[in-house]
Every structure is written in C-alpha cells, then in structure tokens.
Amino acid sequence: MTKRVRVLVVDDSAMMRQLLSGLLSADPEIEVVDTAADPIIAREKIKALNPDVVTLDVEMPHMDGVTFLRKIMTLRPMPVIMISTLTQAGAEITLEALEIGAVDFIAKPSTNIAHAMEEIGAELQAKVKAAALTRVRAQPSIAPAPTRPAPRPRAVKSKEKIVFIGASTGGVEAIKTVLLGLPGECPPVLITQHMPPRFTTAFAERLDRECQMRITEANDNDVVEPNHVYIAPGSHHLEIVRATGGYRCHLHEGPRVSGHRPSVDVLFRSAARLIGPQAIGVILTGMGRDGAEGLLEMRKAGARTIGQDEATALIYGMPRVAAENGSVMRQVPLTRVADAILEACEDTTDRASEAARAASVR
C-alpha cells in the first residue's frame with residue numbers, strides 16, 4: 001500500500017471497538033481514524049473523516065447494521081467489512097449484507113472473544129486492506145425482490161461434463177450471478193467458496209430459493225448428479241471421488257491448503273485426477289492464490305478452464321494468479337461466465353492435444 005488505509009470501526013460493544021482497533025492498528029499499513037458506538041454517530045464521523053473502509057457490526061442499537069449499510073451504499077458508497085456472529089441468524093443477515101454491497105465479513109466468536117479475535121487478526125487486516133482497493137458501486141434505494149429466473153431456452157447437450165467453481169472475496173454474489181445464468185438442466189456443479197461453517201449452509205439455502213437447479217451444502221458420500229450444485233461446508237475440504245456407476249462427494253478435515261479449509265486447490269486437484277477432459281474449471285473473484293495451482297493441474301489434464309476478468313472481479317487476486325500461471329484458457333466478464341460454461345459443455349474437441357500443450361506450461 002502506498003498510504004495507510006484509514007478505517008472507522010463501528011460497533012456497539014466497547015470491548016469489540018477496542019479489540020478491533022488494536023488488531024487493525026497493529027498493521028503499520030492501517031490507521032484507525034476513529035470508532036463509533038452506533039450508526040447515528042457513525043454517520044457523522046463518515047461525513048467528517050471520509051474513511052477508506054468501515055467495519056460495521058451487524059447487530060446494533062437505534063439502527064441495525066444492514067439498514068445502515070443500505071443507506072451507505074445508496075447515499076455514499078464505500079468499502080464495508082461486516083462484523084458478524086457465528087450463528088445461523090448472523091449468517092443470514094451477513095449474506096443479505098453482501099448482496100447489498102458489503103465487500104466482505106469477519107465472523108466474531110461467541111466465547112473467549114479476546115483470544116479468538118487475536119487469532120483472526122491477520123485475516124481481518126488482509127480483508128480491510130483488500131477492501132480499500134475494491135470498486136464499490138452505488139446501490140438502488142429500493143432493491144428488486146429476488147425472483148427465480150425463467151428457464152433458459154438453451155439446453156446443455158453434453159451430459160458427461162462436471163463443473164468445478166472456486167471463489168473467495170466477492171464470491172457470494174459472483175457465484176449467484178453464474179448460477180442464475182445456467183439452466184435448471186445442467187451438469188453437476190461442485191463449489192468451494194471460502195466461508196465459515198453455518199454460513200455455507202445459509203448460502204446454499206439462499207441460492208436454492210433463487211436458482212433453477214437444486215443447491216445444497218455437500219454431505220460426505222453425496223452422489224454427484226446432474227441438475228444439482230454442491231457447496232463445500234465451511235469446515236471441510238470437498239473432493240470428488242469415484243463410486244459405482246459415477247462419482248460422489250468426499251469431505252475431510254485435512255490440513256489447510258493455500259491457507260484455507262475448504263480449499264479451492266483441493267477441489268480442483270481432485271477434478272484433475274479423476275475427471276480430466278470432462279471437467280470444466282472456473283475461478284472467480286477472491287483474495288490470495290488458492291485455486292491457481294489446482295486449475296493448472298486441471299488444464300494439464302485436459303479440462304476447459306475459465307477465469308473471471310479484472311474489470312468485473314471485486315478482488316482480482318485468485319483470477320490474476322491463475323491467469324499469470326497459464327491455467328486460464330479463457331478470461332471473461334462475470335456476466336459471460338455462465339455462457340462460457342455452457343459453451344465448454346458443448347465443446348466436443350479432442351482435448352488430448354490441448355492437454356499436451358498445457359503440460360508444457362511453466
């Protein structure tokens with residue numbers, strides 16, 4: 001960073017304001033310019049201080065965090081990191097906040113808060129610095145009610161392909177955009193999105209209400225079927241494994257890979273090992289490099305690979321690394337990702353020669 005990121009901390013808990021301020025100030029690239037105990041105070045401090053990033057508690061007096069976020073995104077769009085509780089209700093509210101325009105969130109623990117917050121200090125610092133670089137857009141004052149889209153007239157010809165998607169920061173809305181663009185009758189889709197437990201459950205349920213295909217949080221030993229999307233639970237790696245007559249989901253609590261569990265690299269590498277030319281790999285917006293090496297293995301195995309472009313990625317981190325290491329065959333805007341997947345499904349080109357060329361990458 002060329003200059004320090006100026007942060008306003010908004011939380012009704014004096015202890016949380018102190019903890020968050022201390023963790024953020026420990027990074028020399030971050031300056032906590034002030035704190036606020038409620039949205040009324042925060043509104044005036046935003047006007048006076050013009051911070052680069054706001055951390056915003058989900059639950060506060062006078063005006064809840066989501067209502068205040070909606071006002072911010074309508075009147076004065078800026079990067080906001082939500083501070084949420086590790087509960088199902090907290091997950092639902094946080095997902096709503098991400099839809100409204102929050103850049104990311106941190107799930108605060110419910111017990112032994114001071115010690116647990118210290119453990120996520122580096123993650124908080126990284127997310128705040130990444131948020132400062134995002135392009136935040138104004139939101140309409142009245143958001144349209146979500147509706148299940150009309151069925152796409154385009155049919156998927158190939159019934160043998162399997163789609164693998166990885167995402168992190170900004171991925172909640174990016175994944176939703178991609179899935180809304182796919183027809184209900186589609187190949188199986190396996191997704192790893194960096195997200196804590198409970199949040200992935202709420203994420204899957206929310207998508208299932210809005211999309212045409214069946215969407216669930218993956219369970220160990222689930223049969224991988226067409227017209228179904230499986231989302232890695234927040235506590236486990238997701239892999240695809242062979243089973244009698246097809247494939248199944250396999251979950252495990254192995255070590256973190258690329259700093260994450262679930263890890264996109266773990267999912268993509270299983271696709272490279274077992275699915276090869278019948279796999280389609282997609283890497284979307286996200287911070288860091290998780291997924292880039294796994295996507296390269298997929299390409300070398302003959303898979304079609306797609307990356308989200310810089311102009312539409314909230315955080316052009318994971319897609320950038322994947323593009324730079326040669327694993328992305330095609331880079332497209334977010335609104336074109338679903339079409340690119342459908343086109344890859346219909347591609348019947350012999351992938352052996354392409355796999356041989358990809359094997360020489362790097």
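The buried residues of helix α4 pack against α3 (65-75), β4 (80-85), β5 (104-108), α7 (171-180) and α8 (199-210); contact means heavy atoms within 4.5 Å. This is a predicted model, in which local features need pLDDT of at least 70, side-chain atom pairs count only at pLDDT 80 or more, and totals for chains, interfaces and linings use all residues. Residues are numbered from 1 along each chain as its sequence is written, and side-chain values use heavy atoms, with hydrogens and water left out. Helices (H or I, at least four residues) and strands (E, at least two) are DSSP runs, numbered from the N terminus.

**Helix α4**

- Helix α4 covers residues 88-100, 13 in number, and spans 19 Å from first C-alpha to last, close to the expected 18 Å; the expected span is 1.5 Å times one less than the number of residues.
- Its buried residues are G90, A91, T94, L95, A97, L98 and I100, where buried means under 20% relative accessible area, exposed over 50%, and partly exposed in between (1.4 Å probe, protein chains only).
- Just after α4, G101 has a positive phi of about 145°.

**The five-stranded sheet**

- Five strands form an open sheet with parallel pairing, in the order β2-β1-β3-β4-β5; two strands pair if DSSP finds at least two bridges between them.
- β2 (30-36) and β5 are the edge strands, each with a single partner strand, so one side of each has no neighbour in the sheet.
- From one strand to the next, the twist averages 25°; axes are lines fitted to C-alpha atoms, for helices over the stretch in contact, and angles run from 0 to 180 degrees between N-to-C directions.
- Helix α2 (residues 39-49) packs on this sheet and touches β1, β2 and β3, with its direction at about 140° to that of β2.
- Strands β1 (residues 5-10) and β3 (residues 53-57) run parallel and are joined by four bridges, and V9 is opposite T55 in β3.

**Strand β7 and its partners**

- In strand β7 (residues 189-193), five of five residues are buried.
- V189, I191 and Q193 lie on one side and L190 and T192 on the other, and both faces are covered.
- In a regular strand, side chains alternate between the two faces of the sheet.
- Strand β6 (residues 162-167) pairs with β7 in the parallel sense over five bridges, with I165 opposite I191.
- Three bridges join β7 to the parallel strand β9 (residues 228-231), and V189 is opposite V229 in β9.
- Together, β6, α7 and β7 make a right-handed β-α-β unit; a crossover is right-handed if, with the strands pointing away from the viewer, the path from the first strand over the helix to the second runs clockwise.
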